[in-house]
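Student: I have a model open and want to learn how to read it. Can we go through it feature by feature?

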Amino acid sequence: MSVDIYKINPEFRDIMPKDIIDLEDNATWHATATKNRGISDLPDKKEILEEHSLCAGCPEAAALRYILTALPIPEDTIIVNSTGCTSLMFPHIALHTVHSLFGNQNAVASGIKRTLDWRFPDKTKDVIVLAGDGATIDIGLDYTLQSWFRQEKITTICFDNEVYANTGGQESGSTPKGQVFKMAPKGKVFDKVPMWELAVTSGCQYSVKLTASAPKKVAKVLREAVLVARELGPTYIHLYTPCILEIGLAANEGLWEMKEQDKERFESFRYVSPEAEEYLKECKAKGIL
Amino acid sequence: MANLGPADYSPYPVATYDGLYTPDEGKAMLLTEMVDEEVAMREVARVMLTSENATIFPGPQVLYAWSEEAKKKATLIKEMSEVLGAKMIPMYDYRPKYPKIDAEVEINPNHPNLTIWHNNIKACIFIGVHCHYANVALKIIRSETDCYTIGMCALSGHEDAMATIRDQHSEDLAKFIEIAKEVKQELGK
Ligand SMILES: Cc1ncc(C[n+]2csc(CCOP(=O)(O)OP(=O)(O)O)c2C)c(N)n1
Ligand code: SF4
Ligand SMILES: [Mg+2]
């Protein structure tokens, strides 16, 4: 993508609102910024995620912000999204996104990545899937796994809120055993699907489970996952972003819930293949990590 | 606030209720009638020059300098606004706005009627707005306001605009400006 699409024609500068002019003048694009985007850009950079229509305090919105600050080349990144609460944020960000049919996200992303590699052989283009647990682990499981079996060079991020939130609270494969929801009144009968482990056995070069409680940690994992996917093959991030609405927490309680789960269901899990480990060392030495 | 138009909240282009479709190549639509492009240009200029608070709504395809053609169009649209004495309110992106839009400084495809009502606009030109968003906005304006909408489209036109001129590239805009100057003189403006 050319960042020219954010350059305002001079004839119209006088009718454009200040925040759009600011976007042109101060945006943190890889091609124009003097330093890489980072967490410190969160408070005042329009292109990251200014507004959203999720519930107030929803950790999904915070987590997407952390992810957007960590993209190595935002203007050459495409995020493939699926239906769900996450998809409500995508109309608000200055980035190429594709809203795929619910569940199809990894198939769509694989196609996009292959086509981009063919169309722009000399350019780096990162393709990232970002979808809920229902989309990743239940309805799209086939495509998620197939993209891993086939070593597609994409990063898959699952925003695991352990529920079908957008449709009002049905249990998903990722819901923990015993959990009761409004539309799962008897309680979940089966265990939570260990998707981060399936990622490893299905061929991911990198698989990390964490919560979104620590912004810098999320940003670091995202960067690593994108760099590894670019060079070696599929990578997976399993991120806990609790649905505060469905588990009955207030807008300011999401962070504490994530901190608590850092020690329980979302205790850190990290798998990095030996090749990826080697590659990440190289990236560090080159200063791109 | 105007009353709802006859097609109300139909999922189809409102204009299809009047048997309207987009014009044939080389032609333009004026309300229900397919006419030559030049005839439409004259009428569009007359409407813009004689309506209260005539406004041009430039969209992202002309607001941003992403191609040589976009840069040329920007200069021409600025000139067009001067010739027509029209105000410009941009549609610079399509995000739904929360908690509300500022109708003085922008128009948004999800609730374009707010900008029309608030600024009491009786005629407007859509230019450089991507097809889908132009269609949504024009449909809402048609059913909810009494504003005369004009689609200056680089592709095949918009059935929901009251006047639609298609295949408008920079040379065509230059031609329109010349016609508008003539009409302005004829009107003694
Ligand atoms: C093909 C298809 N099937 C079902 C749906 C209905 N649907 C919309 S959102 C959703 C649940 C999303 O759950 P998840 O992926 O966990 O995302 P969340 O809303 O929890 O963030 C479902 C089943 C749909 N939109 N499309
Ligand atoms: S329903 Fe849950 S996941 Fe969806 S926006 Fe609200 S808190 Fe977030
Ligand atoms: Mg979910």
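Student: Let's start where the chains meet. How many residues does each chain bring to the contact?

Tutor: This is a predicted model, so treat each value as computed. Chain A brings 19 residues to the contact, and chain B brings 20 residues.

Student: What area is buried between chain B and chain A?

Tutor: About 1800 Å². Carbon and sulfur atoms give 61% of that area.

Student: And charges? How many salt bridges cross the interface of chain B and chain A?

Tutor: To find one, look for a side-chain nitrogen of Lys or Arg within 4 Å of a carboxyl oxygen of Asp or Glu. Across this interface the rule finds one salt bridge. Its partners are the side chains of B:Lys78 and A:Asp14, at 3.3 Å from N to O. The rule also finds seven residue pairs in polar contact across the interface, both residues at pLDDT 80 or more.

Student: Which helices of chain B supply at least two residues each to the side that touches chain A?

Tutor: Helix H2 (60–63) and helix H3 (68–84) of chain B. H3(B) gives the most to that side, with six residues.

Student: What classes of residue make up the side of chain B that touches chain A?

Tutor: Count them by class. There are 15 nonpolar residues, four charged and one polar.

Student: Now the metal. Which residues coordinate the magnesium ion (ligand 3)?

Tutor: Read a metal site by listing its donor atoms. Here they are A:Asp133 (OD), A:Asn161 (OD1) and A:Val163 (O), at 2.0 to 2.1 Å. Along the chain, the donors follow the spacing D-x27-N-x1-V.

Student: Where do A:Asp133 and A:Asn161 lie in chain A?

Tutor: A:Asp133 is in helix H5 (residues 133–139) of chain A. A:Asn161 is in the loop between strand E4 (155–160) and helix H7 (195–201) of chain A. The two are 28 residues apart, so this pair links distant parts of the chain.

Student: Are A:Asp133 and A:Asn161 buried or exposed?

Tutor: Both are buried.

Student: One last residue. Why does B:Ser170 count as buried?

Tutor: Compare its relative accessible area with the cut-off, which is under 20% for buried. B:Ser170 counts as buried because its value is 6%. B:Ser170 is found in helix H6 (residues 170–186) of chain B.

Student: What does B:Ser170 contact, leaving aside its neighbours within four places in sequence?

Tutor: B:Glu69, B:Lys72, B:Lys73 and B:Leu76. With B:Glu69, the side chain of B:Ser170 makes a side-chain polar contact at 2.8 Å.

Conventions
Residues are numbered from 1 along each chain as its sequence is written. Chains are lettered from A and ligands numbered from 1 in the order in which they are written. This is a predicted model: local features need pLDDT of at least 70, side-chain atom pairs count only at pLDDT 80 or more; totals for chains, interfaces and linings use all residues. Side-chain values use heavy atoms; hydrogens and water are left out. Contact means heavy atoms within 4.5 Å. Buried area is the accessible area (1.4 Å probe) that two parts lose on being put together, summed over both. A polar contact is a pair of N or O atoms within 3.5 Å; within protein, one must be able to donate a hydrogen and the other to accept it, and residues adjacent in sequence count only if both atoms are side-chain atoms. Helices (H or I, at least four residues) and strands (E, at least two) are DSSP runs, numbered from the N terminus. Ala, Val, Leu, Ile, Met, Phe, Trp, Tyr, Cys and Pro count as nonpolar, Asp, Glu, Lys and Arg as charged, and the others, Gly among them, as polar. Donors are N, O and S atoms within 2.8 Å of the metal (3.2 Å for Na, K and Ca); water is not among the atoms, so sites may look incomplete. Buried means under 20% relative accessible area, exposed over 50%, partly exposed in between (1.4 Å probe, protein chains only).
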